[in-house]
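Got the viewer open? Here is a short tour, one selection at a time.

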Amino acid sequence: EEVDVVITSAAGYPLDTTFYQAVKGLTAALPVVKRGGTIILTAECREGLGSPEFTQLVHDVNDMDQFMKDIYRDDYFVVDQWQFEELVKVLRKAKVYLYAEGVKQADEPKVPVIRVMSVEEGIERALRQYGEDASIAVIPRGPYILADIEGE
């Protein structure tokens, strides 16, 4: 069954060198997190957020619903928008806590991704929200897992 909290990673180098790459760990958790749940992602992000185009999307998009409409327009295209679209899909379903030492405060995503200083901090915040008996799943190597709900 779906869970309140999923703890996952971007599966280490080279899949966690940027936040752009680390989003793959988030998408792996999407099938098993409850709507309104939380995904805690750990990724090094030693090279920051990603390409200049992806970074600009992360910093400039205020309205995720409008972005999703824009990508269907013939006159709209931004390099690396596909990965940002995947991030938006995750954020429309769940809250995201990001533990990434390579993402500095100045580069913090404007989209509703919440930086935490440790995975433990993310867990503590989630347990405060969902209670001590919150259901939790761990996906150690996110992009390498095809998580699914039993019977679906």
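**Stop one: a pair in H4**

Select Lys89 to begin: at 36% relative accessibility, this residue counts as partly exposed. Keep in mind that you are looking at a predicted model. Now add Glu85, which forms a salt bridge with Lys89, with the closest N and O atoms 3.9 Å apart. Both residues sit in helix H4, four residues apart, or about one turn of the helix. An α-helix has 3.6 residues a turn, so residues three or four places apart point the same way. Is Glu85 buried or exposed? Glu85 counts as buried, at 15% relative accessibility.

**Stop two: more charged pairs**

A search of the whole structure turns up nine salt bridges. For another one, select Glu2 and Lys93, whose side chains meet at 3.3 Å, N to O. Glu2 is in the segment before S1 and Lys93 is in helix H4, so this pair ties together parts 91 residues apart in sequence. Color by accessibility and you should find Glu2 partly exposed, at 32% relative accessible area, while Lys93 is buried at 14%.

Next, pick Arg73 and Asp75, a salt bridge at 2.8 Å, N to O. Arg73 is partly exposed, with a relative accessible area of 38%, and Asp75 counts as exposed at 63%. Add Asp70 to the selection: Asp70, Arg73 and Asp75 are linked in a network of salt bridges.

**Stop three: down the axis of H2**

Select helix H2, residues 52–60, and highlight Phe54, Thr55, Leu57 and Val58, which are buried. Turn the view to look down the axis: the buried residues of H2 fall within an arc of 160°, so they line one face of the helix. What do they pack against? Show helix H1 (19–29), helix H3 (64–70) and helix H4 (81–93), and you have the partners.

**Stop four: the cores**

Now for the largest nonpolar core, with 41 residues. Put Phe19, Phe67, Phe84, Leu87 and Val113 in sticks, as these touch the most other members. Elements giving two or more residues to this core are strands S1 (3–9), S2 (33–42) and S3 (95–99), along with H1, H2, H3 and H4. H1 supplies the largest share, six residues.

Zoom in on Val113: leaving aside residues up to four places away in sequence, Val113 touches Phe19, Leu87, Leu91, Val96 and Leu98. Last, select Val5, Ile7, Val116 and Val119, which are among the seven residues of a second, separate core.

Technical notes:
Residues are numbered from 1 along each chain as its sequence is written. This is a predicted model: local features need pLDDT of at least 70, side-chain atom pairs count only at pLDDT 80 or more; totals for chains, interfaces and linings use all residues. Side-chain values use heavy atoms; hydrogens and water are left out. Buried means under 20% relative accessible area, exposed over 50%, partly exposed in between (1.4 Å probe, protein chains only). The arc is that of the directions from the helix axis to the C-beta atoms. Contact means heavy atoms within 4.5 Å. A nonpolar core is a set of buried Ala, Val, Leu, Ile, Met, Phe, Trp, Tyr and Cys residues joined through side-chain atoms within 4.5 Å. A salt bridge is a side-chain nitrogen of Lys or Arg within 4 Å of a carboxyl oxygen of Asp or Glu.
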